[in-house]
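The model below is a predicted one. The text after it goes through one helix, the nonpolar cores, the salt bridges and a surface patch.

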Amino acid sequence: MRVRILELVVKPEIRQLQTVVRDFVKEVVEPVAQVIEEEDRIPEDVVEQAKELGLFGLSIPEEYGGLGLSMTEKCVLLEELGKTHNGFTSLIGAHTGIGTVGIVELGTEEQKQRFLPKMASGEWIGAFALSEPEAGSHAANLRTRAERKGDRYVLNGMKHFITNGPEARVITVMASTDPAKGAKGITSFLVESDSPGFSRGPADVKMGLRGSHTCQLFFEDCEVPEENRLGEEGEGYVNALKILANGRASLAARCLGSCEKLLELSMDYAMQRKQFGKPIFENQAIQHMLADMSLEIETLRSLLYRVTSMVDQGKKVIRESATVKLYASEVYNRIADRAVQIFGGMGYMKEFPVERFYRDARITRIYEGTSEIQRNIIAAQLKKEYVR
């Protein structure tokens with residue numbers, strides 16, 4: 001049933017590409033998953049093969065060198081990528097999501113011509129810089145300032161927890177051009193890593209997502225030419241909401257793939273592991289956990305592709321994108337927890353990947369908008385819809 005549903009919206013050539021990506025995950029990424037985990041790096045040959053497949057250009061139109069996929073098609077591929085090491089998936093997902101979507105949807109033709117071809121090829125990595133120590137969920141509290149001086153802007157401030165920060169060549173940065181206006185005074189900029197006054201801190205040491213790097217970004221009288229402003233002054237907050245709404249569906253697809261992989265691992269283990277002379281699958285408690293995992297996966301899949309269909313139709317999806325991000329991240333955490341429980345003591349050991357998925361799942365309830373913020377967004381949209 002799963003394949004029949006997707007075949008209604010996915011072209012045959014995308015189905016073929018899905019098979020190619022699935023094979024790439026199994027034959028290229030999975031064999032080095034432990035290397036990524038232990039060395040906190042993605043082997044260069046793996047990155048190069050991802051570039052050759054066009055995985056860095058999922059969201060970028062064909063005229064700029066990308067694959068030009070719809071949201072549904074993109075999520076079909078990200079679902080496959082979610083089945084492997086989440087650090088590798090995060091490198092691709094952050095670049096093709098919040099790292100490039102702003103330029104694709106909001107950029108000028110000159111900006112698209114200048115940035116997108118190299119981002120599509122993977123030569124230039126993209127990042128999105130909104131979070132600050134006092135401004136993550138509360139974006140209007142930004143401390144990074146941008147002062148216009150002639151034909152350029154001068155940025156001062158810092159960002160932290162920026163995914164792909166250490167590698168990024170092009171960073172979509174949110175800064176305040178008019179602090180008195182709060183959220184309406186925020187403007188977005190495309191900051192290139194060789195800009196005068198730009199620097200990075202060391203890579204953060206995190207609980208999970210090994211191989212996917214974050215760091216602080218510093219702007220000290222950082223000069224950004226006027227042509228690198230993304231949209232008009234004061235549109236930055238609205239731009240951020242658009243970029244994040246797109247990214248939330250992409251993140252949900254990655255969570256879905258990870259959930260599917262955890263169910264597969266749990267089923268294999270439950271059928272092989274024996275206690276009291278029989279596979280532990282025969283225990284009703286184990287069966288119920290597996291059934292609940294399957295139930296939530298199928299529910300998430302239906303919700304995800306309903307939202308991607310709405311995006312592809314150009315519909316407003318503020319509430320829906322928050323809903324799918326919230327549900328996907330919560331489901332991923334519940335399924336990872338059940339997988340560890342099914343594996344028992346072995347699930348706590350690093351030799352099995354469920355331990356890694358368990359750690360990697362936790363950040364999904366925090367980044368790109370916490371679960372609490374998603375609930376706030378949903379409630380705010382409900383108020384607009386129901387309160388007259």
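A convenient place to begin is the end of a helix. Gly-54 follows α4 and has a positive phi, near 85 degrees. Helix α4 itself covers residues 44–52, and Val-46, Val-47 and Ala-50 are its buried residues. Viewed down the axis of α4, these buried residues fall within an arc of 100 degrees, so they line one face of the helix. Their cover includes α2 (12–29) and α6 (86–96).

Val-46 leads on to the interior. It is one of the residues with the most contacts inside the largest nonpolar core, which has 65 residues. Phe-24, Leu-55, Leu-81, Phe-88, Leu-262 and Leu-304 are listed with Val-46 in that group. The helices α2, α4, α5 (71–81), α6, α9 (236–272), α10 (284–312), α11 (318–343) and α12 (353–361) each supply at least two residues of this core. The largest share, twelve residues, comes from α9. As a general background, nonpolar side chains in soluble globular proteins tend to be buried together.

Leu-304 can serve as an example of the packing. If its neighbours within four places in sequence are left aside, Leu-304 is in contact with Cys-75, Ala-249, Ala-252, Ala-253, Leu-256 and Val-324. Apart from the core of 65 residues lies another core, of 18 residues, whose members include Ala-127, Ile-162, Ile-171 and Leu-217.

Next come the charged side chains. How many salt bridges does the structure hold? The count is 29. One of them joins the side chains of Arg-114 and Glu-110, with an N to O distance of 2.7 Å. Both residues lie in helix α8 (residues 109–121), four residues apart, which is about one turn of the helix. Arg-114 is partly exposed, with a relative accessible area of 27%, and Glu-110 is also partly exposed, at 39%.

A salt bridge is also formed by Asp-178 and Lys-181, at 3.8 Å from N to O. Asp-178 counts as partly exposed at 26% relative accessibility, while Lys-181 counts as exposed at 53%.

Glu-330 and Arg-365 form another salt bridge, with their closest N and O atoms 3.3 Å apart. Glu-330 lies in helix α11 and Arg-365 in the loop between α12 and α13 (371–386), so this pair ties together parts that are 35 residues apart in sequence. Is Glu-330 buried or exposed? Its relative accessible area is 14%, and because buried means under 20%, Glu-330 counts as buried. Its partner Arg-365 is partly exposed, at 26% relative accessibility.

Some charged residues are joined in a wider arrangement. Arg-22, Glu-79, Glu-80, Lys-83, Glu-260, Glu-298 and Arg-301 are linked in a network of salt bridges.

The last stop is on the surface. Which residues make the nonpolar surface patch of about 320 Å²? Leu-382, Tyr-386 and Val-387 do. Val-387 lies in the segment after α13 and is exposed, with a relative accessible area of 53%.

Notes. Residues numbered from 1 in each chain as written. Predicted model: local features only at pLDDT ≥ 70, side-chain atom pairs only at ≥ 80, totals over all residues. Heavy atoms only, no water. Buried < 20%, exposed > 50% of the residue type's maximum accessible area, 1.4 Å probe, protein only. Arc of directions from axis to C-beta. Contact = heavy atoms within 4.5 Å. Core = buried A, V, L, I, M, F, W, Y, C linked by side-chain atoms within 4.5 Å. Salt bridge = Lys/Arg side-chain N within 4 Å of Asp/Glu carboxyl O. Patch = residues over 30% accessible without salt bridge, like charges linked within 9 Å, V, L, I, M, F, W, Y side chains within 5 Å. Areas by Shrake-Rupley, 256 points an atom, 1.4 Å probe, with all protein chains shown as cover.
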